[in-house]
Amino acid sequence: MDKLKQIEAYVSVVEKGSLAAAALEQNITPVMLGRRIDALEKRLGTKLMHRTTRHLTLTEQGTVFLDHCRRLLSELEVAEKIISEGRHKATGHLVVSAPAAFGRKHVAPHAPAFIAANPEVKISFNLTDRVVDLVREGYDISIRIGGAIDPNFVAVKLASNRRVVCGTPEYFERHGIPGTLADIASHNCLSFNLQGGQQRGWYFQQNGKPVTIKTAGNLDCNDGELLHRWVSEGLGLGWRSTWEIQSQLASGELMTVLDDFALPHYDIMAVYPQQRHLPAKVRFFIDRLKAIYAEPGYWTQN
């Protein structure tokens, strides 16, 4: 028999003064309630109360046990309330990882408004292009762009995104427009060089299959914003995300090439460890970013 039900039955009988009154409150029969009390006393090996048809009297052990039971039930009620409120009200410390450039421009700037709407939340950001270990390093959520996701994690799409080859019109006037993946070899490719980065090559899709094309160029670095600037200055080709260059594509400052070979999906995702109950602070933050990114014109205006 459930220990908690036994304890609840005991406290209820004492507070109501009779089995009948306590049974009525719990919507069970007095006989069933009496069995719970009997089972509790048998398990404890002591008599907790003396019962007659009209009165009940606590033993000395019953009085001591009652105080502990009341405290236990009170603490359980508080714990359940905290957890229940936590599912509907964002509270606590939210620790977020995001790619450096994307985080500076499209994640961290939205934090003040989120905190204003959820004043019991504190947010810490780590903006890095390194893929962090969420569990080992203590992150609640990681914003990632493309890439494989560990099956132990949940990935929620925040916005659509593609990786495309781009350059300035002036660059293409000087060096020509590549028409095939093989043409990339004759172009100055500006690549990301952080460990696990683009020095392995740029990824495309050809004849329905993924392919990796090795690139070469006279500039590379571990900072996405600097690479973006160099591409915008006409120094070479870049393999950039559409979130980063959308406004420049709209204005004609940049143009894309080899679009027929671009990977179909390189989406912006929120990643977090699998868990039975997702904390409200994580769920609310994800929902807020999705809503912001879905606003008409967001990517061309920011």
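Helices, taken as DSSP runs of H or I with at least four residues, and strands, taken as E runs of at least two, are numbered from the N terminus. Counted in that way, the secondary structure of the chain in this predicted model comes to 12 helices and 14 strands.

The overall dimensions set the frame for what follows. The chain has a radius of gyration of 31 Å, whereas a compact globule of 302 residues would have one near 19 Å. Along the principal axes, the C-alpha atoms fill a box of roughly 105 × 40 × 30 Å. Of the 302 residues in the chain, 41% are buried, and the accessible surface comes to about 16700 Å², with 51% of that area belonging to carbon and sulfur atoms. When contacts between residues at least 6 apart in sequence are considered, 72% of them join residues at least 24 apart. As for charge, the chain carries 35 positive and 32 negative side chains, and the centres of these two sets lie 8 Å apart.

Two pairs of residues give a sense of the distances within the chain. Alanine 21, which is found in helix α2, has its C-alpha atom 80 Å from that of glutamate 253, a residue 232 places away along the chain. Alanine 21 itself is partly exposed, with a relative accessible area of 30%. The second pair joins alanine 9 and asparagine 218, which are 209 residues apart along the chain and whose C-alpha atoms are separated by 78 Å. Asparagine 218 belongs to the loop between β10 (209-213) and β11, where, at 60% relative accessibility, this residue counts as exposed. Once its neighbours within four places in sequence are left aside, asparagine 218 is in contact with Asn188 and Leu190.

The N-terminal part of the chain can be followed from helix α2 onwards. Between α2 (19-26) and α3 (30-44) runs a loop that holds asparagine 27. The phi angle of asparagine 27 is near 60°, which is a positive value in a residue other than glycine, and with 71% relative accessibility asparagine 27 counts as exposed. Beyond this loop, proline 30 is found in helix α3 and counts as partly exposed at 41% relative accessibility. The C-alpha atoms of proline 30 and alanine 20 are separated by 5.4 Å, although the two residues are 10 apart along the chain. Apart from neighbours within four places in sequence, proline 30 is in contact with Leu19, Ala20 and Ala23.

Further along the chain, helix α9 (residues 224-232) offers a view of how buried positions are arranged on a helix. In α9, the residues Gly224, Leu227, His228, Trp230 and Val231 are buried. Seen down the axis of α9, these buried residues fall within an arc of 160°, so they line one face of the helix. The elements that cover them include the strands β7 (163-167), β8 (189-192), β11 (220-221) and β12 (237-241), together with helix α10 (242-251). Helix α10 has buried residues of its own, namely Thr242, Trp243, Glu244, Ile245 and Gln248. After α10 comes glycine 252, whose phi is positive, near 90°.

A second positive phi in a residue other than glycine is that of leucine 258, again near 60°. Leucine 258 lies in the loop between β13 (255-257) and β14 (268-273). Is this loop residue buried or exposed? With a relative accessible area of 8%, leucine 258 falls under the 20% limit and is therefore buried, whereas asparagine 27 is exposed.

The strand that follows this loop, β14, contains alanine 270, which counts as buried at 0% relative accessibility. Which residues does alanine 270 touch, when those up to four places away in sequence are not counted? They are Ile141, Ser142, Ile143, Val154, Ala155, Val156, Leu158 and Ile286. Alanine 270 also lies 6.3 Å from arginine 144, C-alpha to C-alpha, while the two are 126 residues apart in sequence.

Note on methods:
Residues are numbered from 1 along each chain as its sequence is written. This is a predicted model: local features need pLDDT of at least 70, side-chain atom pairs count only at pLDDT 80 or more; totals for chains, interfaces and linings use all residues. Side-chain values use heavy atoms; hydrogens and water are left out. The radius of gyration is taken over C-alpha atoms; the globule rule is 2.2 Å times the number of residues to the power 0.38. Buried means under 20% relative accessible area, exposed over 50%, partly exposed in between (1.4 Å probe, protein chains only). Contact means heavy atoms within 4.5 Å. Accessible areas come from the Shrake-Rupley method with a 1.4 Å probe; for residues, only the protein chains shown count as cover. Lys and Arg count as positive and Asp and Glu as negative; His and the chain ends are not counted. The place of a charge is taken as NZ of Lys, CZ of Arg, CG of Asp or CD of Glu. The arc is that of the directions from the helix axis to the C-beta atoms.
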